[in-house]
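Me: I am new to reading protein structures and would like to go through one by question and answer. Please keep the reasoning short.

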Amino acid sequence: MSPVCYEPDAVPPVYGSPVTTVTSERLVLTSADGARFAAHLSRPGRPSGPAVLVLPDNRGLSGFYERLTERLAEQGHTALAIDYFGRTAGTDPRPDDFPFMEHLGKAHKDGLFADIAAGAAHLRAEGCEELVSLGFCFGGRLAFMAARPAFGLAGTIGLYGYPDVLFGNPGPTQMAGELRGPILGLFGGADEGISPEVVGAFGEALEGAGVAHEFVTYPGAPHSFFELGRPELAEACADAWSRILGFLKRTARGDLTSPRAATMQD
């Protein structure tokens, strides 16, 4: 898994024209252990599907994910992106040179999952009944692992989340029997940190556990391919957006509840 996912000036790709207006605000939420952490919420003027809990990469909450919540809200989805480092770095916005790796090393599983649960609880307090997690890199791994009944998610989407054992810790592959679908996994075929064998093993584990899932691998796409301003990746970005929004729509209709596995090369 790459130590850096998105650079500070990275911007998410855009999906077509907005279908509704958007209002956004920065929040400070409180976790079960009393820790306060930053979050960014975007609300659509006309909600039209599940809410999305955005789990950032290993930098935590950044401009990329704040903008991503706005892009999702433009398409009708209330979206909340959370930070991971409230316990060690506070809740204020951070400079581009924020030493995120130092804080990542101090983040513990229990606190991370408590913050995810607090983010989900806030969306439910907003009146959102169905929630889907959308994670990237480190957040993609967390999104897969949060596909457990305790979090009550209607679905899970992970982009380039490493699913296998990492630093001796079991990952989503090892936890497959605890997970619930539907799960959508999007991967880059040229991602040096996530091999086809690792993705394949995750898919086999989910299939063996009867977890509804679909994996898509984009040939030639690197880690963090979902980004504006890279013409050579525009087709992959457009397809990823289409699949993300399609997944949200089908999840709302209950169309992705039967176990299946589909590894695709696009």
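Me: Does Glu-214 count as buried, partly exposed or exposed, and at what relative accessibility?

Reply: This is a predicted model, and the answer is computed from its atoms. Buried means under 20% relative accessible area. Glu-214 falls under that cut-off and counts as buried, at 11% relative accessibility.

Me: Which residue does the side chain of Glu-214 meet in a salt bridge?

Reply: The pair links distant parts of the chain, with Glu-214 in strand S8 and its partner in helix H7, 29 residues apart. The N to O distance is 3.3 Å. The partner is buried as well, with a relative accessible area of 18%. The residue is Arg-243.

Me: How many of the residues of strand S8 are buried?

Reply: Strand S8 covers residues 213–218. In a regular strand the side chains alternate between the two faces of the sheet. Here His-213, Phe-215 and Thr-217 point one way, Glu-214, Val-216 and Tyr-218 point the other way, and all are buried. Strand S8 is therefore largely enclosed by the rest of the structure, the count of buried residues being six of the six.

Me: Which residue of S8 is the bridge partner of Ile-183?

Reply: Strand S7 (residues 183–188) runs parallel to S8, and six bridges join them. Between the two strands the chain passes through helix H6 (residues 196–208), in a right-handed β-α-β crossover. The partner of Ile-183 in S8 is His-213.

Me: How many residues of helix H5 are buried?

Reply: Helix H5 spans residues 138–145. Its buried residues are Phe-138, Gly-139, Gly-140, Arg-141, Leu-142, Ala-143, Phe-144 and Met-145. The helix is largely enclosed by the rest of the structure, because the number buried is eight of the eight.

Me: Which backbone oxygen does the side chain of Thr-69 reach?

Reply: Thr-69 lies in helix H1 (residues 63–74). An α-helix has 3.6 residues a turn, so residues three or four places apart point the same way. The side chain of Thr-69 reaches a backbone oxygen at 2.6 Å, that of Glu-66.

Me: What is the relative accessibility of Thr-69, and is the residue buried or exposed?

Reply: Leaving aside residues up to four places away in sequence, Thr-69 touches His-40, Ser-42, Val-54, Ala-79, Leu-80 and Ala-81. Thr-69 counts as buried, its relative accessibility being 0%.

Me: Which residues have the most contacts inside the largest nonpolar core?

Reply: This core has 52 residues. Helix H7 (residues 234–253) supplies the largest share, eight residues. One of the residues asked for touches Leu-68, Phe-136 and Trp-241, among others. The names are Tyr-160 and Phe-226.

Me: How many residues are in another core that lies apart from it?

Reply: The members of this other core include Phe-85, Phe-98, Ile-116 and Ala-120. The core lies apart from the largest one, and its size is 31 residues.

Me: How far apart in sequence are the parts that Arg-43 and Glu-126 tie together?

Reply: The side chains of Arg-43 and Glu-126 meet in a salt bridge, 2.8 Å from N to O. Arg-43 lies in strand S2 (residues 36–44), whereas Glu-126 is in the loop between helix H4 (109–125) and strand S5 (131–136). Arg-43 is partly exposed at 26% relative accessibility, and Glu-126 is partly exposed at 31%. The pair therefore ties together parts whose separation in sequence is 83 residues.

Me: Which residue is linked with Arg-43 and Glu-126 in a network of salt bridges?

Reply: The structure holds eleven salt bridges. The bridge between Arg-43 and Glu-126 belongs to a network. The other residue named in this network is Glu-25.

Me: With which residue does Arg-87 form a salt bridge?

Reply: The closest N and O atoms of the pair are 2.8 Å apart. Arg-87 lies in helix H2 (residues 86–89) and its partner in helix H4, so the pair ties together parts that are 28 residues apart in sequence. Arg-87 is partly exposed at 36% relative accessibility, while the partner is buried at 1%. That partner is Asp-115.

Me: How far apart in space are Pro-95 and His-40, C-alpha to C-alpha?

Reply: Pro-95 is found in the loop between H2 and helix H3 (100–104). Pro-95 counts as exposed, at 52% relative accessibility. In sequence, Pro-95 and His-40 are 55 residues apart; in space, the distance is 17 Å.

Definitions and conventions: Residues numbered from 1 in each chain as written. Predicted model: local features only at pLDDT ≥ 70, side-chain atom pairs only at ≥ 80, totals over all residues. Heavy atoms only, no water. Buried < 20%, exposed > 50% of the residue type's maximum accessible area, 1.4 Å probe, protein only. Helix = DSSP H or I, 4+ residues; strand = E, 2+ residues; numbered from the N terminus. Pairing = 2+ DSSP bridges. Right-handed = clockwise from strand over helix to strand, strands pointing away. Polar contact = N/O pair within 3.5 Å; in protein donor to acceptor, adjacent residues only side chain to side chain. Contact = heavy atoms within 4.5 Å. Core = buried A, V, L, I, M, F, W, Y, C linked by side-chain atoms within 4.5 Å. Salt bridge = Lys/Arg side-chain N within 4 Å of Asp/Glu carboxyl O.
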